[in-house]
Amino acid sequence: MIPCYNEIACIERAYREIQCELVAYDDVELLFIDDGSTDGTLDAIKGFAAEDPLVKYISFARNFGLEAAFSAGFKYASKPWTVQFDADLQSPPQEMHRLVDKALEGYDVVFAVRENRQDPWYRRLGTRGHQTIARRWLGIELPQGASVFRIVRTSVARKVVDSRLSTPYFIATAPLLGARYTTLLTSHRPRVGGRGKWNMRKLVSHAVELFVGFSFRPLAWMSALAAAVVAAGAAILSLALAGRFGPTELAAASLVTALVTLILLTVVARYLVRMMRVQAIGVPHYQIREANIPVRADEALYGYETPYVIAEVWEGVR
């Protein structure tokens, strides 16, 4: 399975390299999930499918994000095991054989941990930082350093996708469900072409999704801090009214109280979004514009007008 978004610079090389590794196995498929690309990536994938019957693809109506892409990939994968590759080839496809061997030792998921990671410093620091905070401070179980290059027992992957959690954060959901997982050091290399899709804004948003989606500690901490600050503010106000503090001290205390209150409201808002997502479970979080495999009618943008669409109550789970 290869999620991809605007990877025209490297998609053909990715296909060729992965194809070369798959010949070592019987009964395989190569499933591309095009996340609403606008640069010709989908046309290239259609070209592969025209010449190679093993190539399957799903194309979203717009860019829905990596979580939506791999969720669809796991849902529509038809083989017992699914390897999630990087379209940018930073994780070399030949490393998949080591992931397969490790999985056959009795694991449901094997996450690759990138050795000598060839990414910008802020991405390396951001990943290490938010995973450390999640594990040590927020009590979230997840494999440190795990990447999206992984092999997953497909039935387990579908359980993760259909787990009815508000945040489709696979690395944290798999341990939560009791999946047997481990990690494996794999090589890493610079992108073969194109530009990375992750920036600082996306990294921060991704970390917040993890923290809020899998722990209530941030809400508890911010509530306690807000209560303490409000109490301190009330005490300072009383002292100011008694003439023991001047306007400067009172203004500073008011500013701190306002800032902490604002942060608390922001955290509360994130948890409200989480609750709204839970209530919306069952509503597809992506729409498929076209595909060359059967897809659910409720996930097809044009419903039954879409080629390969299947019943509203999906009977295609394999």
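## A buried ring: Phe-170

At 2% relative accessibility, Phe-170 is classed as buried, because a residue under 20% relative accessible area counts as such. The model described here is a predicted one. Phe-170 provides a starting point for this report, which moves from a group of aromatic rings to the protein as a whole.

## Aromatic pairs around Phe-111

The structure contains 12 aromatic pairs. In one of them, Phe-111 meets Phe-170 in an edge-to-face arrangement, with 6.3 Å from centre to centre and 70° between the planes. Phe-111 belongs to strand β5 (residues 109-114) and Phe-170 to helix α7 (residues 170-176), so this pair ties together parts that lie 59 residues apart in sequence. Phe-111 is itself buried, and its relative accessible area is 0%.

Phe-111 also forms an edge-to-face pair with Tyr-181, where the centres are 6.4 Å apart and the planes stand at 70°. Tyr-181 lies in strand β7 (residues 181-186) while Phe-111 lies in strand β5, and the pair therefore ties together parts that are 70 residues apart in sequence. With a relative accessibility of 24%, Tyr-181 counts as partly exposed.

## The ring cluster and helix α3

Ring pairs join Phe-70, Phe-74, Phe-111, Phe-170 and Tyr-181 into a cluster. Phe-70 and Phe-74 are also among the buried residues of helix α3. This helix, which spans residues 66-76, is mostly covered, as 9 of its 11 residues are buried. Besides the two phenylalanines, the buried residues of α3 are Ala-68, Ala-69, Ser-71, Ala-72, Gly-73, Lys-75 and Tyr-76.

## Charged groups over rings

Which ring lies under the charged end of Arg-150? The ring is that of Phe-70, and the charged end of Arg-150 sits 4.9 Å from its centre. Phe-70 thus takes part in the ring cluster and also has a charged group over its ring.

A further arginine is placed over an aromatic face: Arg-62 lies over Phe-64, at 3.8 Å from the ring centre.

## The protein as a whole

The secondary structure of the protein consists of 10 helices and 10 strands. Of the 318 residues in the protein, 47% are buried. Among contacts in the protein with a separation of 6 or more, 77% are between residues 24 or more positions apart. The pairs that Phe-111 forms with Phe-170 and Tyr-181 tie together parts 59 residues apart and 70 residues apart, respectively.

The accessible surface of the protein amounts to about 16000 Å², and carbon and sulfur atoms account for 60% of this area.

How values were computed. Residues are numbered from 1 along each chain as its sequence is written. This is a predicted model: local features need pLDDT of at least 70, side-chain atom pairs count only at pLDDT 80 or more; totals for chains, interfaces and linings use all residues. Side-chain values use heavy atoms; hydrogens and water are left out. Helices (H or I, at least four residues) and strands (E, at least two) are DSSP runs, numbered from the N terminus. Buried means under 20% relative accessible area, exposed over 50%, partly exposed in between (1.4 Å probe, protein chains only). Contact means heavy atoms within 4.5 Å. Accessible areas come from the Shrake-Rupley method with a 1.4 Å probe; for residues, only the protein chains shown count as cover. Rings of Phe, Tyr and Trp (its six-membered ring) pair if their centres lie within 6.5 Å; planes under 30 degrees apart count as stacked, over 60 as edge-to-face and the rest as tilted. A charge sits over a ring if NZ of Lys or CZ of Arg is within 6 Å of the ring centre and within 35 degrees of the ring normal.
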